[in-house]
Amino acid sequence: MKGQMMHYPLTTNAIIEFGNRVFPHKEIITRLPDGSRHQYSFHDMYLRSKKLAHALVHQLNIQPGDKVASFAWNHYQHIELYYAIPGAGAVCHPLNIRLSADQVEYIVNHSEDKVIFIDATLVPFFEKIAALTPLVKWFILLNAPAGFVTTLPNTIQYETLLQNAADDFEWMEMDENDACAICYTSGTTGAPKAVVYSHRSVYLHAQVLITPNAANIGMWDKVLLVVPQFHVLGWGFPFVCVMAGADMILPSCHLQPATLIELMQQEKVTLATGVPTIWMGIYEVLKNNPSLQPITLKKYMVGGSALPISLIKAFDKDFSISGIHAWGMTETSPLVTASRLQPIHDSLSKEEQYKILAKQGIELPGAEVRIILEDGSVAPKDGVTAGELQVRGAWVIDGYYKVEDNSPYFSADGWFKTGDVATMDSNRYLQITDRTKDLIKSGGEWISSVALEVALMAHTAVSEACVIAIPDERWQERPLACVVLRKDADMQAQSFRELLLKDFAHYQVPDHFIAVPQIPKTSVGKFDKKELRRMYAAGELTS
Ligand code: ADP
């Protein structure tokens, strides 16, 4: 027997129609690249998105299924693109603006982007590769000052495009399983691969992200989107905010910690998103200038890399700001798990509670995780036994775009193999201990680099720590710790060692600690272990 419910496609069109119907007065505020403040309502965004969709179809001849790319910061026009491109039946492709020219050229050609919407400040980068991306028919210039000159071919000013368009465009009819957006993995561990999201997956993912067990967002919130829109669709927040009726605050290129703090203060931000390195920077500034604390900020959402327990504790103790630690990947839209305390944790000490919050958390409904050991069995839920993390769910990838044989990425029974190594405790809280490619195997024993990093970052002299495997004749591999020391702090290898010995066995503690001015970062702000290993091999890291 079939259910007797209406067919109501879950699409981004349904999201923007809802936002315009229920929350037309809600606001999107941008600090534009030139430093000026732009403010308008969801209703304004709706009308301009319709104009843009009209322009895509009638001026730029975009056909259903065409890929339309952006090469842009987080700002209001970029939000318009998120709704107009899928609304025109096309596929929204936010390009990672921090990749190398070779990688961007590869991705644009692989994706076969027809049009690129590009910020004027980023044009010089693209001018160098435009001749190598012949499938791109148009470059649409965003935020270009009057008299802006470029060698890019076939350019149109964004506002000129909109001026000539009608705002009564009827969104294209589509199936909820049609492609809505495409994102490439940032290539931390290999060549970028493409993940195609459906309207349905984007919709369901956003609905779950709103819930109390995840980000807990509502119409009283003002959300600062620090996570770039090119990084897994800004973790889905441009859709979440419209669904939740939360104001959106967009920083464009103004990503320095002090500027973000100022923006949080001025715009009364209640929640902000970002990778841990962003939050480490913000904490450093606040610690030195506590009077700058944005008093409305109650919580921050963190993912992309492990959130150190020391940071969770410091933000909570010093500023009463809670971290929501989440785990996910480009392949999983990204959110799969989030760590929040439950009543079962009430009786724990504050220290024990911080340990729970530092885990990657429990699954959200619609997604499932499991940990598989080398013999194929499911790991016990003991919080200790580590194995490969596998996932499945309504917003988890089914196969990479244009990859013929996807079998290496999936288990025989169809779960996605994440390449992450994790443990699970008796309450199903997941803890990521490493990525398969970053694991350190010393004398036959596995060592978790993430656990060492998190422990080192709790030392008062350390602001950042990254642990990599280095070759060793006797033990095959040994961990090497690279640390960024706090201002005025000295290298204290002995004290680092003593701290680690409290929680780690002798063989797990690095033999060497190297002070580095900074840890190299990937295009999305994670520690770049590939680069650190290269530097070590090239003799560029010395103690
Ligand atoms: P890339 O794979 O190019 O780094 P992604 O953003 O898709 O780009 O990265 C996903 C990976 O990031 C995960 O597989 C995991 O290794 C890591 N990751 C994400 N969130 C967390 C977290 N909360 N703690 C530890 N690692 C995380």
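In what order do the 4 strands of the open sheet stand, and is their pairing parallel or antiparallel? I looked this up in what is a predicted model, and I noted the order β17-β18-β19-β20, with antiparallel pairing.

Entry on the edges. I then asked which strands have a single partner strand, and found β17 (367-372) and β20 (430-435) at the edges, so that one side of each has no neighbour in the sheet. For the twist I wrote down that neighbouring strands of this sheet are turned against each other by 45 degrees on average, with direction ignored.

Entry on one strand pair. Following β20 inward, I found that it runs antiparallel to β19 (residues 416-424) and that 5 bridges join the two. To fix the register at one point, I looked up Thr423, whose bridge partner in β20 is Gln431.

Entry on enclosed space. How many cavities of 30 Å³ or more does the structure hold? I counted 4 of them, and I recorded a volume of about 60 Å³ for the largest cavity.

Entry on the lining. Around the largest cavity I listed His93, Pro94, Leu95, Asn96, Leu99 and Ile107, together with Cys183, Tyr184, Thr185 and Phe230. When I asked which strands take part, I found that β4 (91-94) and β8 (179-184) each supply at least two residues of this lining. Sorting the lining residues by character, I obtained 7 nonpolar and 3 polar, with no charged residue in the lining of the largest cavity.

Conventions
Residues numbered from 1 in each chain as written. Predicted model: local features only at pLDDT ≥ 70, side-chain atom pairs only at ≥ 80, totals over all residues. Heavy atoms only, no water. Pairing = 2+ DSSP bridges. Axes fitted to C-alpha atoms, helices over the stretch in contact; angles between N-to-C directions. 1 Å grid on protein atoms, 1.4 Å probe; cavity = no way out; pocket = protein on both sides within 12 Å on 5 of 7 lines; lining within 4 Å. Points joined across faces, edges and corners; volume = space filled by probe spheres on them. Nonpolar A, V, L, I, M, F, W, Y, C, P; charged D, E, K, R; others polar.
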